[in-house]
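Student: Please take one part of this model and examine it closely. I should like a single connected account of the second largest pocket, its lining, and the aromatic contacts of a contributing helix.

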Amino acid sequence: MPEHPPTTTTPAGLWSDGLGRAAIRSLQVLAVAALLWCVGWALTRVPLALIPVIIASILASAISPLVGWLDRHGWPRPVAVLASFLAILAVFGGLIAFCVALVRAQSHELAARFTNGIRQLEDLVSNGPVRLSDEQLASVRDGLQHFLSSGSFGTEALTGVRSVGEFIAAMVLMAVILFFFLKDGHEIREFLLRLVPGAYRATARTAAERSAHVLGAYVRGTALVAAADALIVGVALVVMQVPLALPLAVFVFIGGFIPILGATTAGILAVAVALLSNGPVAAIVILVVVLAANQIEHHLLQPLLMGKVLSIHGLAILLSLAVGTMLAGIVGALLAVPFTAVGWAVVKTFTRRGESEGSQAVEDGPATA
């Protein structure tokens, strides 16, 4: 009988079968994951510079259509950028200044109404269906006073002051970056695209255009949805004569930029203010209005305004919100959905999915949003 030659396992043979190829691919995936982790770790070391850049890029995607419209109507490019930039600053700055002035003007009335509301809450808790004894109420009150007078509260206050300073610095930096993004955004994008290999440069340019379209449409659509929520809740607050109706409506508007959770959380604050200042009846009415506005937002406004642009499943939005909140708190919650939308647009571009709809979206521009 013929003898079979003995099989020798060579180093090359170890990697030539299916298991070897799977091992090579696993090592490649681990190497890419390690690189991404290192880049993410390095970026998180400079949040004061990174976050303003991200927010400025998102805002630039939303404002650039206004700059383009002014440019097409004969405005010089620098003047169109400066006019759009100053208009945005004037709107937000004026709104914030008006809210601060309104809070200061109503501070004495609010203190008196809140004191009366706390007394009503104590009576409700003492005489309601779930009763608390005077000793339990006194224990809660003493614990709150001890916290306010303790060193930990002072430390938290100092931390809050430092955070306010960092926030102001970040906002100033964001405004400067936004101005240059609006003025020289095209040149900056082309400079970055030169770093991409030539074989992928056209695809990368398409991905950048689609990402800008998705970001701009998301911000404008979210702003419209948040404005509708703020209008509904604000009208209810005015009708029920709840103090600080306009600041609370502004807070609802800001909370609307955090999908699913933001507007509801802001609405809970409005309910709490109504409870402390106007009593349980007003709080129940505001709660019903907040829930109704939430349903209108999810079932009518979001599908109508952002259904075709933000084609992401609700589960993906929830998971991105959870991850963003765990990684970066409130800022992560604000940026999670735009990041997910841009990532999905880039993936579709490089995998050739959604070729026709993506090109149509880029050709149509922001008007489709």
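**The second largest pocket and its lining**

Tutor: The lining of the second largest pocket comprises 24 nonpolar residues (Ala, Val, Leu, Ile, Met, Phe, Trp, Tyr, Cys and Pro), seven charged ones (Asp, Glu, Lys and Arg) and ten polar ones (the others, Gly among them). The model is predicted: local features need pLDDT of at least 70 and side-chain atom pairs pLDDT 80 or more, whereas totals for chains, interfaces and linings use all residues. Numbering starts from 1 along each chain as its sequence is written, and side-chain values rest on heavy atoms, without hydrogens and water.

The space in this pocket amounts to about 1,500 Å³. Its lining holds 41 residues, of which Ser 61, Arg 189, Ala 208, Glu 209 and Ala 212 are the closest to the centre. A pocket here is an open set of 1 Å grid points where a 1.4 Å probe fits, with protein on both sides within 12 Å along at least five of seven lines; lining residues have an atom within 4 Å of a point.

At least two lining residues come from each of the helices H3 (47-72), H7 (151-193), H8 (198-239), H12 (314-350) and H13 (355-364), helices being DSSP runs (H or I) of at least four residues. The greatest contribution is that of H3, with eleven residues.

Helix H7 also carries Phe 179, which a ring pair links to Phe 85 in helix H4, 94 residues apart in the chain. Their ring centres lie 5.7 Å apart (within 6.5 Å counts as a pair) and their planes stand at 70 degrees (over 60 is edge-to-face), so this pair is edge-to-face. Phe 179 is also paired edge-to-face with Phe 180, with centres 5.6 Å apart and planes at 80 degrees. Phe 85, Phe 179 and Phe 180 are thus linked into a cluster by ring pairs.

How values were computed. Grid points are joined across faces, edges and corners, and a volume is the space filled by probe spheres set on the points. Rings of Phe, Tyr and Trp (its six-membered ring) pair if their centres lie within 6.5 Å; planes under 30 degrees apart count as stacked, over 60 as edge-to-face and the rest as tilted.
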